[in-house]
Amino acid sequence: MCDSFSSYFIVFYWAAKLIGLNLTNNMKPQFDQNKIESVKSLISNSKRIVITTHYKPDGDALGSSLGLWAYFKSIGIEANIVLPSEFPGFLKWMHGSGETTDFMLSPEKAKEFFNQADLLFCLDFNDPTRTEGLSNIIENSSAKKIMIDHHLAPKDFCDFAFSYPSIGSTCELIVHFIEALDGLSLITMDSAACLYAGIMTDTGSFRFSSVTAETHRVIGILLNTGMRNDFVHEAVYDTSSEDRLRFLGHVLLNNMFVLNEYKAAYFLCTKDDMKRFNHQSGDLEGIVNYGLSIEGIKMAVLFSERDGIIKISFRSKGDFSVKDLAEKHFEGGGHKNAAGGKSHLSLEDTILKFKKILSELQHD
Ligand code: 5GP
Ligand code: MN
């Protein structure tokens, strides 16, 4: 019986392959060897490298920056990480966090690093405007620019672009990149933990469809350094303040609205509530995902009041592209299932606009 099952499986497997189905989901980015050679020589001839990433850097942005920074350190090349905004508290355990420069806190120091740089790595963003205040500095920099990123439709602002939207995280790309530079053996336990954290956070703890056998091979490489995956999970997910947990409880109980007719749920985080619960940077992280845990809900949205604007986080399941929605209506972008944007209207008017868009989508 087992034998006949095996032969059926083999016939099915090859038939599926013939019609183009990818059963193994084993996607390794194919880097152009000439591009790798050019970048290798740029790196070895570089005196000063700057690594930068997007505004409000997340686990993937910081993990990839610190992972690449540690690699440069290990081959004896000076690199500095310049962040467009503050390093969030819940990721401060990352090795090297204290050596990054926050442009908002130390603009002169940050500018000096850019002035001295001959090579600039742009990680986890596809458009200079995603770095807010650093945008002009990046565009006007005379340094050679290299992008390593996984957002769709990259802007043409770099000399070399390693842009792979199908890959789940920039951290995964960084491991492939270091592998292409023959540097895998140089990844330390500490930098592996940073890279692991970025893959973990950008894939919803390895659950999104962007996770492939190749992602797990990369995870294997990182675990083989001796890094502690349990430590990373705990450091990222189990360090809420009491205030943060009560804030989450408040938002779920009082500020969550479910629109079953549109298979959507949305959350409001007002300035007053944030003040009441002693809001800290990173406290809103992950709240939007609770919307998708409701049965039947395919899109979740979080609206939060910031200085003068409404920041919006979109998440979806399946084929509905929140990236298109964010791009078309809310000056934003991102990925098909995770995107962000903003609104200059009041919170009430932003919600009205959002509901109107939903009702129009129904008729498309
Ligand atoms: P989050 O909701 O976690 O802030 O962002 C989710 C995704 O959307 C991230 O991949 C991020 O790159 C993207 N994103 C967030 N805000 C913006 C924005 O204002 N503009 C663009 N283009 N992308 C955004
Ligand atoms: Mn990312």
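Okay, so the chain here splits into two domains: domain 1 covers 33-237, and domain 2 covers 242-363. Keep in mind that this is a predicted model. Going by C-alpha atoms, the centres of domain 1 and domain 2 sit 27 Å apart.

Let's talk about how those two meet. On the domain 1 side, ten residues make contact, and they touch nine residues of domain 2. Putting domain 1 and domain 2 together buries about 710 Å², with 58% of that coming from carbon and sulfur atoms. Which residues of domain 1 lose the most area to domain 2? That would be Phe90, His151 and Leu152, which together account for 44% of what the domain 1 side buries.

As for specific polar interactions, the count of salt bridges between domain 1 and domain 2 is zero. What you do get is one residue pair in polar contact between the domains, with both residues at pLDDT 80 or more. And if you sort the domain 1 side of that interface by class, you find four charged residues, three polar and three nonpolar.

Right, on to the metal. What coordinates the manganese ion, ligand 2? We have Asp60 and Asp124 through OD, His150 through NE2, and Asp202 through OD again, at 2.1 to 2.4 Å. If you want the sequence pattern for those donors, the spacing reads D-x63-D-x25-H-x51-D. Now look at where two of the donors sit: Asp60 is in helix H3, residues 59-74, while Asp202 is in helix H7, residues 189-202, so this pair ties together parts of the chain that are 142 residues apart in sequence.

That's my tour, happy to take questions.

Methods: Residues are numbered from 1 along each chain as its sequence is written. Chains are lettered from A and ligands numbered from 1 in the order in which they are written. This is a predicted model: local features need pLDDT of at least 70, side-chain atom pairs count only at pLDDT 80 or more; totals for chains, interfaces and linings use all residues. Side-chain values use heavy atoms; hydrogens and water are left out. Domain bounds come from an automatic or database domain assignment. Contact means heavy atoms within 4.5 Å. Buried area is the accessible area (1.4 Å probe) that two parts lose on being put together, summed over both. A salt bridge is a side-chain nitrogen of Lys or Arg within 4 Å of a carboxyl oxygen of Asp or Glu. A polar contact is a pair of N or O atoms within 3.5 Å; within protein, one must be able to donate a hydrogen and the other to accept it, and residues adjacent in sequence count only if both atoms are side-chain atoms. Ala, Val, Leu, Ile, Met, Phe, Trp, Tyr, Cys and Pro count as nonpolar, Asp, Glu, Lys and Arg as charged, and the others, Gly among them, as polar. Donors are N, O and S atoms within 2.8 Å of the metal (3.2 Å for Na, K and Ca); water is not among the atoms, so sites may look incomplete. Helices (H or I, at least four residues) and strands (E, at least two) are DSSP runs, numbered from the N terminus.
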